[in-house]
Amino acid sequence: MFDRIVVVDWSANSTPKRGADSIWLAALDVDDTDSVTSENIPTRAAAIEAVEALVDHGGGARTLVGVD
């Protein structure tokens with residue numbers, strides 16, 4: 001049903017931070033299970049940009065985005 005799955009573990013921290021209690025993003029192209037990536041993103045703005053890039057990069061791919 002979906003070509004790509006993106007999951008974001010959103011942090012309530014209001015200052016840039018990496019590691020514990022920060023923002024994590026994972027992405028998987030369903031047809032290529034070796035394509036799974038994860039990234040620790042320091043700011044909310046950067047996380048939004050990363051998600052937008054993954055969705056826009058799809059070229060019409062159906063993307064499921066889950067946000068915690």
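A residue counts as buried when its relative accessible area is under 20%, as exposed when over 50%, and as partly exposed in between (1.4 Å probe, protein chains only). We're working with a predicted model, where local features need pLDDT of at least 70, side-chain atom pairs count only at pLDDT 80 or more, and totals for chains, interfaces and linings use all residues. Residues are numbered from 1 along each chain as its sequence is written, and side-chain values use heavy atoms, with hydrogens and water left out.

**Exercise 1: the overall picture**

Task: Work out which pattern the protein follows along its sequence, and what share of its residues is buried.

Solution:
- Start with the elements: the protein has 1 helix and 4 strands. Helices (H or I, at least four residues) and strands (E, at least two) are DSSP runs, numbered from the N terminus.
- Put them in sequence order and you get β-β-β-α-β.
- Now the compactness: the radius of gyration is 12 Å, close to the 11 Å from the globule rule for 68 residues, so the protein is as compact as a globular protein of that length. Here the radius is taken over C-alpha atoms, and the rule is 2.2 Å times the number of residues to the power 0.38.
- Finish with burial: 22% of the 68 residues count as buried.

**Exercise 2: the core**

Task: Find which residues make up the largest nonpolar core, then see what Leu25 touches.

Solution:
- A nonpolar core is a set of buried Ala, Val, Leu, Ile, Met, Phe, Trp, Tyr and Cys residues joined through side-chain atoms within 4.5 Å.
- The largest one has 9 residues: Val6, Val8, Ile23, Leu25, Ala27, Ile41, Ala47, Ala50 and Val51.
- Next, look at who supplies them: strand S1 (4-9), strand S2 (23-29) and helix H1 (44-56) each give two or more residues.
- Zoom in on Leu25. Skipping residues up to four places away in sequence, its contacts (heavy atoms within 4.5 Å) include Val6, Val8, Ile41, Ala47, Ala50 and Val51. Leu54 is also one of the residues it touches.

**Exercise 3: Phe2 and its partners**

Task: Decide whether Phe2 is buried, partly exposed or exposed, and which residues it contacts.

Solution:
- Locate Phe2 in the segment before S1.
- Check its accessibility: at 32%, Phe2 counts as partly exposed.
- List its contacts, leaving aside neighbours within four places in sequence: Val30, Arg62, Thr63 and Leu64.
- Take Val30: 28 residues from Phe2 in sequence, with the C-alpha atoms 7.3 Å apart in space.
- Now follow Thr63, which sits in strand S4 (residues 63-67). With residues up to four places away not counted, Thr63 touches Phe2, Arg4, Val6 and Val55.

**Exercise 4: a residue in the helix**

Task: Say how far Ala46 is from Asp3, along the sequence and in space.

Solution:
- Find Ala46 in helix H1.
- Read off its accessibility: a relative area of 27% makes Ala46 partly exposed.
- Give both separations: Ala46 and Asp3 are 43 residues apart in sequence and 23 Å apart in space, C-alpha to C-alpha.
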